[in-house]
Every structure is written in C-alpha cells, then in structure tokens.
Amino acid sequence: MALLGLGRESRAARSAIMTVMADPAPPEMRGWGLVGSAELDRVVVVSPHPDDAVLGCSHLMGAHPGVTVITVYAGRPQEYPSPMERWDALCGFVAGDEVHATRRAEDISALSVLGAYPIWLDFVEHAYLPRSEWVGANDIVDTLTKTISDLKATAVFAPFGLANPDHDFTHEAALMARDRVDPNTAWFLYEDMGYKHIPGLLAWRITQLFRKGVWPTPAAVPVDIDYARKQQAVDCYQSQMRALEAEWGIREKLSAPAPEQYWRISPPPPGWEGLSNPSNDQRQGDA
Ligand SMILES: [Zn+2]
C-alpha cells in the first residue's frame, strides 16, 4: 500500500492523510480523474502566444474537433523595434518583416491540422514593451472573460503559466476569469511546453495553487495520441521552431516525448482542506 511508503513524512502529515483515507471509500472515488463527455462539448484553450496551445494540447485538440484557441498576446506592437527584438531575430525575421502576419498565418495552418480555430486578442507581448507598460492579468481579464463567455465554453484549458511573464499573466487572468464565467465550466491547466522542464518550476506552481485551495489533479481527458499529427502542426510554426530549437532544444523534448498532461483545478473534497495547510507539511527529523 503506497501510504506505508511515506517514511519521511511528518507524523502530522501522515496522520492527516490517514484520517481522510481511513474512512470508508467515498462513493465518488471511482469517478476521480474522469471527465464527463458533456464537459468537453465546447472546449476552449487559452494560449499566451501563437504556438503554446499546439505545443501543450495537440492531443486534446486532435480528439475534439472544433476547439477554439484564444491567443492572448497576438497583438502587433505599434512599431517593430530596430534592431529586431531578440526572439524575433532568433526566429529569422529581419527588419521590415510583418512578424505578426507571419505568426498568425502559421497559427491558422497549425490549428487547421488539428481541426481547431483561432481567436487572437490584441494584447502586445512583454518583449516589445518597457517593463512599466507590460500588459498584466488585470489588463487582460475583462476581454478574456467576455471571450470565454461568448463562446459558451464548457471546458477551459489554461496554461500553468511558467517563467515567461506573458504565460504568468495569462495564467493569473484565467484564474480570475474562472471566478466570473458560468460556474458550471470545467477548468483545466496544461503544462507550458519548454518551460515545464525548468527545474522545480511546475512543482512550485502546483504547490502555490495547492496552498490556495485550488487543487490541480491530473485528469484522464480523452485524447488522440497521434505524434505525427502533432509534429505536423508544430512544424507549421516555422519561425518559432527556429528559436525554440536554438534556446530550448525543443525537438528532442517533443520527440521523447514528454507527455501532454491536463490537470483539473477544483476545490478539495469536503474535509480535505487541511492538507493545504503548511503545518501538515513534512518536517525533517519529525518522523
Ligand atoms: Zn509562449
């Protein structure tokens, strides 16, 4: 029994877990992790940039034709900087290129491989702006909420929001939107491809959410595991793949592959709230 392997847990943590598990198996146990088919009637993926949804949710989109991808930071800056912004230069863009026309065309192609459709919001990503003008979660949330509501989404998949400020803001705005849209909407988080491999970062975010009573739990979402199709979609982002390969060695990670994983976020089961309390954490030497 796995619980007996918690040798390094504190007595308090062990006892809290044992207490909740000692009761007769709750009747909903068989349903944990499952996703009701009606929940996936109208799936929306929230993507910080064009490419993040495809990198993190291709198998999901492939299994559910008609997904809408809301890309938050798809806006063109008033002027492209000169010299070119660093990431754009890595992507192979040169002065005079209409970067966002190219990126949107790539996005249409990629999503069409997966039977999905784009909605681009006009927010400008941080790399083009001085820090004081970065577009944060509070700037995004109204538009994001309205877009999700207009789509009558039954399920929303948002990023964990790791490392990149635009990802972080998108994640935060999504959590805020979650409190404003139809409360029957199912919410999931997907892992930000590339950034999720930064040591400790995904664990940090999950811990942070767990502490707040937003419990991320892996969900058994029906998917279509078609690696060739995903690769075909990813390859549509020709410009981005140059930079992603240069900076992140993305091809090796995609071909390994690190799995796509979707985490449902929901409050703890009644009576389990105490597990979010840091006083129930492991304390070295306490066991
Ligand atoms: Zn991104």
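Seven strands form an open sheet in the order 3-2-1-4-5-7-6, and the pairing within this sheet is mixed. Strand 3 (117-120) and strand 6 (215-218) stand at the edges, each with a single partner strand, so one side of each is left without a neighbour in the sheet. Neighbouring strands of the sheet are turned by 30° against each other on average, direction ignored. The structure described here is a predicted model. The chain as a whole has 10 helices and 7 strands, and buried residues make up 33% of its 287 residues. Among contacts between residues at least 6 apart in sequence, 82% join residues at least 24 apart.

Strand 1 offers a convenient point of entry. This strand covers residues 43-47, and 5 of its 5 residues are buried. Both of its faces are covered: Val43, Val45 and Ser47 lie on one side, Val44 and Val46 lie on the other, and all are buried. On the sheet order, strand 1 stands between strand 2 and strand 4. Strand 1 pairs with strand 2 (residues 68-71) in the parallel sense over 4 bridges. Within this pairing, Val44 stands opposite Thr68, and Ser47 stands opposite Thr71. Strand 4 (residues 155-159) also runs parallel to strand 1, to which 3 bridges join it. Here the bridge partner of Val45 is Phe157.

From strand 1, the description may proceed to the edge formed by strand 3. Strand 1, helix 2 and strand 2 make a right-handed β-α-β unit. Strand 2, like strand 1, has both faces covered: Thr68 and Ile70 on one side and Val69 and Thr71 on the other are all buried. Strand 2 in turn pairs with strand 3 in the parallel sense over 4 bridges, and Val69 stands opposite Pro118 in strand 3. Helix 4 lies across strand 2 and strand 3, and runs at about 150° to strand 3.

In the other direction, the sheet continues from strand 4 to strand 5. Strand 4 and strand 5 (residues 186-190) pair in the parallel sense over 5 bridges. In this pairing Ala158 stands opposite Leu189 in strand 5.

The interior may be considered next. In soluble globular proteins, nonpolar side chains tend to be buried together. The largest nonpolar core of this model has 54 residues, and those with the most contacts inside it are Val44, Val45, Val46, Leu144, Val156, Phe157 and Phe188. Helix 2 gives the most to this core, with 6 residues.

Two of the residues named for this core, Val44 and Val156, illustrate how separate parts of the chain meet. Val44 is found in strand 1. Why is Val44 classed as buried? Val44 is buried because 22 other C-beta atoms lie within 10 Å, and a residue counts as buried if 20 or more do so. Leaving aside residues up to four places away in sequence, Val44 touches Thr68, Ile70, Ile148, Leu151, Ala153 and Val156. Val44 and Val156 are 112 residues apart in sequence, yet 4.8 Å apart in space, C-alpha to C-alpha. With neighbours within four places in sequence again set aside, Val156 is in contact with Val44, Val46, Ile148, Ala174, Thr185 and Trp187. Ile148 thus appears among the contacts of Val44 and among those of Val156.

Helix 8 provides a further example of burial. In this helix, which covers residues 227-235, Lys230, Ala233 and Val234 are buried. Seen down the axis of helix 8, the buried residues fall within an arc of 100°, so they line one face of the helix. An α-helix has 3.6 residues a turn, so residues three or four places apart point the same way. What covers the buried residues of helix 8 includes helix 2 (52-63), helix 4 (99-113), helix 9 (238-248) and helix 10 (250-255). Two of these covering elements have been met above: helix 2 belongs to the β-α-β unit with strand 1 and strand 2, and helix 4 lies across strand 2 and strand 3.

How values were computed
Residues numbered from 1 in each chain as written. Predicted model: local features only at pLDDT ≥ 70, side-chain atom pairs only at ≥ 80, totals over all residues. Buried ≥ 20, exposed ≤ 12 C-beta atoms within 10 Å, placed from the backbone. Helix = DSSP H or I, 4+ residues; strand = E, 2+ residues; numbered from the N terminus. Arc of directions from axis to C-beta. Contact = placed C-beta atoms within 7 Å. Pairing = 2+ DSSP bridges. Right-handed = clockwise from strand over helix to strand, strands pointing away. Core = buried A, V, L, I, M, F, W, Y, C linked by C-beta atoms within 7 Å. Axes fitted to C-alpha atoms, helices over the stretch in contact; angles between N-to-C directions.
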